[in-house]
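Trainee: Could you take me through one part of this model in close detail? I would like to see how a single buried position fits into its surroundings.

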Amino acid sequence: MHRNRAYYGIQLAQLQLAQGDTTSARATAATVDTTAVSSPRIAQRLATVHRKLATA
């Protein structure tokens, strides 16, 4: 369930970014816990969100 929680947290942050809500996207991305997940795909998606937030 950790992977699913991380996946959907990242997806929510991406949707918030797409809507232009950077404040909520930052808060959502900060709560995503990837320490229990060893998926490189999840880590890559989170890194993408952080890059987009850095430029927003």
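Mentor: Happy to; here is the overall layout, followed by a close look at Ile10 and the core around it.

A word on the ground rules: this is a predicted model, in which local features need pLDDT of at least 70 and side-chain atom pairs count only at pLDDT 80 or more, while totals for chains, interfaces and linings use all residues. Residues are numbered from 1 along each chain as its sequence is written, and side-chain values use heavy atoms, with hydrogens and water left out.

The protein chain has three helices and zero strands, where helices (H or I, at least four residues) and strands (E, at least two) are DSSP runs numbered from the N terminus. Its C-alpha trace spans about 30 × 15 × 15 Å along the principal axes. Of the contacts with a separation of 6 or more, 62% are between residues 24 or more positions apart; contact means heavy atoms within 4.5 Å.

Now to Ile10, which sits in helix H1 (residues 2-18). Its relative accessible area is 1%, so Ile10 is buried; that label means under 20%, against over 50% for exposed and in between for partly exposed, using a 1.4 Å probe and protein chains only. Leaving out residues up to four places away in sequence, Ile10 touches Val32, Ile42, Arg45, Leu46 and Val49.

Several of these partners return in the largest nonpolar core, whose 12 residues include Ile10, Val32, Ile42, Leu46 and Val49. Such a core is a set of buried Ala, Val, Leu, Ile, Met, Phe, Trp, Tyr and Cys residues joined through side-chain atoms within 4.5 Å. H1, helix H2 (22-31) and helix H3 (40-55) are the elements that each give two or more residues to this core. In soluble globular proteins, nonpolar side chains tend to be buried together.

Leu17 is another member of the core. With residues up to four places away in sequence set aside, Leu17 touches Thr22, Ala25, Val49, Lys52 and Leu53.

Finally, look at how H2 and H3 pack: their axes come within 11 Å and cross at roughly 145 degrees. Axes here are lines fitted to C-alpha atoms, for helices over the stretch in contact, and angles run from 0 to 180 degrees between N-to-C directions. The contact is made by Thr22, Ala25, Arg26 and Ala29 of H2 with Leu46, Val49, His50 and Leu53 of H3. Val49 therefore links the picture: Ile10 touches Val49, and so does Leu17.
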